[in-house]
Protein chains: 2
Amino acid sequence: MRPTTKDLAIAAGVSLATVDRVLNDRSGVRKDTVERVNQAIEKLGFIRNLVAANLARGKDYRFLFLLPRGGDQFLAGVVARITEANLAFAPEMMRAEVRHIHDSDPHQIANLLGRLDAEQVDGVAIMAPEFPQVRDAMARLAERGIATVSFISGQISSAPEDFVGIDNRAAGATAGRLMGRFAPSVAGKILVVAETMHARDSLERRLGFDEVIHADYPHLTVLPSLETYGDPERSARIIRASFASHAGIAGVYVLGPEARVPLEIVTAQPTRAAIIAHERTPFTEAALLSGQIDALITQDPGHLVRSVMRILRARCDRREILASQEKIRIEIFIKENL
Amino acid sequence: MRPTTKDLAIAAGVSLATVDRVLNDRSGVRKDTVERVNQAIEKLGFIRNLVAANLARGKDYRFLFLLPRGGDQFLAGVVARITEANLAFAPEMMRAEVRHIHDSDPHQIANLLGRLDAEQVDGVAIMAPEFPQVRDAMARLAERGIATVSFISGQISSAPEDFVGIDNRAAGATAGRLMGRFAPSVAGKILVVAETMHARDSLERRLGFDEVIHADYPHLTVLPSLETYGDPERSARIIRASFASHAGIAGVYVLGPEARVPLEIVTAQPTRAAIIAHERTPFTEAALLSGQIDALITQDPGHLVRSVMRILRARCDRREILASQEKIRIEIFIKENL
DNA sequence: CGATTTTTGAGGTGCGTACCTCAATTTGAT
DNA sequence: ATCAAATTGAGGTACGCACCTCAAAAATCG
């Protein structure tokens, strides 16, 4: 049987009240008494029963996910996973809410963060581009005892352990390697389609992509990124224009999760180009299965969401996390392993 | 505040004792009373507080992993993850032990299973080849109230929900697709190296591999599988012999997790062959990074282990699992996304 | 040294549930 | 209608811990 606080008290030769004071960091205990208790903890291998502690404390964990408004199928998937995680974690007294933000309005975001109350929220996960105001607001949250992580698209300054998501440079490099191997080994051009190159993740992906192509596939030329700004018509126009002005397009790399328009245009071309896209959505899955897309680079939204919740909770409990469980993998999907 | 059993009792117009009987599936409650309580659960959105329940029950969960004796680096990784999961799940009162078995001795395995006591073990995860005796022993365990799953290499008869691991046919198909795309697009031969083709997973992988190659890469010829029987010398001998007798080997597919010997020999050949192997070990990782292996098809041992523990626990609690979390993915690793 | 402050002990209550007992009530069968 | 059986209620104890109070003991100070 696992030792309890009672066993601890006996082993340390103190009362339950003192054990409690030490365990919960309360004042009014002499240093050497604290030491005695800590030694007993060591000796017995006492592990605090968090389950019972939280029950006694009546504690529950309330987390907040701040996501960009609107959004693509990938984001919709993230929201769906949050709902799912909410059910799955409910027996463990954890709850998550989604709030949408204008991800281009740092002032609004900082404002929202500033108004959060530690009484009502235990942790926040933010998906927003890099803004100094947001970063500062996050720091102030931490001071007020609210745990924060940024996820999917990270704040540049955030320490690795404060970021839940993939290494986008590596993801781009992965795309680059696959492109190099999937495209024909003769001279050709690669089209890169992004929603915007202002986002850090797009930049990093492109960077990683270029690195690999330049180093190992010099016969391929990567064209300047096309920016769709989320506008399907603009998207169609500029991609068509690219095909018109460039002969020999051997591959298309779609940086963002909206692959529909690029795909339609590419498949309408007379010559087949290798297509690599990001994120698993109903649309990209179907395209992969039908052979229109050659490979998908993804991160598992379910894993992301659960990881965020476990990490935030560990922060609240001042516990260590199981690093290997929280590492978000860069997944490669082809038709066969979908 | 979340509704408690007390709220439930009031809402259903019954006593706490009756609520308890319904929640814990005890006998002696009329059908319509059960119905009333269930309706109240619906209406209030009652979620049982597992934390409190387990505290009251004083229950802990003891699980047993039965793994083949000896074993490769992959197995060692699995064991390491079990140790790790043991720590991570300790606050939730779950413990796992490893016991090694002779995976070719069904009698010993069945015997061991037969002696397990429901007082001491709540669930068992078995990694062993298909044997009728083992299957029967597992069925008897279930009758005695001990949860079972087979993992990694499944019992053929086990329902999908009783198996934790990847679809090996799909994994082989994935390897096939990558081989098709990585190998040169001229006529060539593919070497397949397995520990033994008696194991079901090897057979299935080979099957999936062949399917893809035959369908889409007819210029590639897949040679009969070489069986190493886990013997490095034999392994070296037969692989060398293959290279000697076959010209134009364009690729090597290593079915099992022991890639060392095949790799050494292949890289010693004058012509480069594409190499695809299974499982992530210190050795295969290094080989992938150094460019000796082209791709790895893997399943995450950490995920496997945690999944087993969550599933076994859900069985014990007669709870549903979160299917999306427990689906083990067929991962593809290349140098860039390791 | 006594007076004051600090430290410690003893004990209680409650968190939400499990599980038990015993008596009271209802139901079903005859 | 009667009796046995099935169902339900009331109430208690326990799980391991947090948090509280009050008094007793010990340490510290002038």
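Which element gives the largest share of the surface near DNA strand C? The legends below answer this for a predicted model.

**View 1. Protein residues surround DNA strand C.** The surrounding residues number 25. The closest are A:T18 and A:T33, along with B:T5, B:R48 and B:A56. Of the strand C atoms that come within 4 Å of the protein, 71% belong to sugar and phosphate. By class, this surface has nine nonpolar residues, nine polar ones and seven charged ones.

**View 2. Polar atoms of the protein meet DNA strand C.** An N or O atom in the side chain of B:R48 lies 2.7 Å from a phosphate oxygen. Chain A meets base oxygens of the strand through its backbone. A backbone N or O atom of A:A56 is 3.1 Å from a base oxygen. For A:L55, a polar backbone atom is 3.4 Å from a base oxygen. Two or more residues of the surface near strand C come from each of these elements: helix 2 (16-23) and helix 4 (50-57) of chain A, and helix 4 (50-57) of chain B. Helix 4 of chain B gives the largest share, four residues.

**View 3. Residues of chains A and B line the largest cavity.** The model holds three cavities of 30 Å³ or more. The largest has about 120 Å³ of space. Its lining includes A:D300, A:H303 and A:R306 from chain A, and B:H303, B:R306 and B:S324 from chain B. Helix 13 (301-317) of chain A gives two or more residues to this lining, as do helix 13 (301-316) and helix 14 (323-326) of chain B. The lining has seven charged residues, five polar ones and no nonpolar ones.

Terms used: Residues are numbered from 1 along each chain as its sequence is written. Chains are lettered from A and ligands numbered from 1 in the order in which they are written. This is a predicted model: local features need pLDDT of at least 70, side-chain atom pairs count only at pLDDT 80 or more; totals for chains, interfaces and linings use all residues. Side-chain values use heavy atoms; hydrogens and water are left out. On a 1 Å grid over the protein atoms alone, a cavity is a set of points where a 1.4 Å probe fits but cannot get out, and a pocket is an open set with protein on both sides within 12 Å along at least five of seven lines; lining residues have an atom within 4 Å of a point. Grid points are joined across faces, edges and corners, and a volume is the space filled by probe spheres set on the points. Ala, Val, Leu, Ile, Met, Phe, Trp, Tyr, Cys and Pro count as nonpolar, Asp, Glu, Lys and Arg as charged, and the others, Gly among them, as polar. A residue is near a molecule or strand if one of its heavy atoms lies within 4 Å of it. A polar contact is a pair of N or O atoms within 3.5 Å; within protein, one must be able to donate a hydrogen and the other to accept it, and residues adjacent in sequence count only if both atoms are side-chain atoms.
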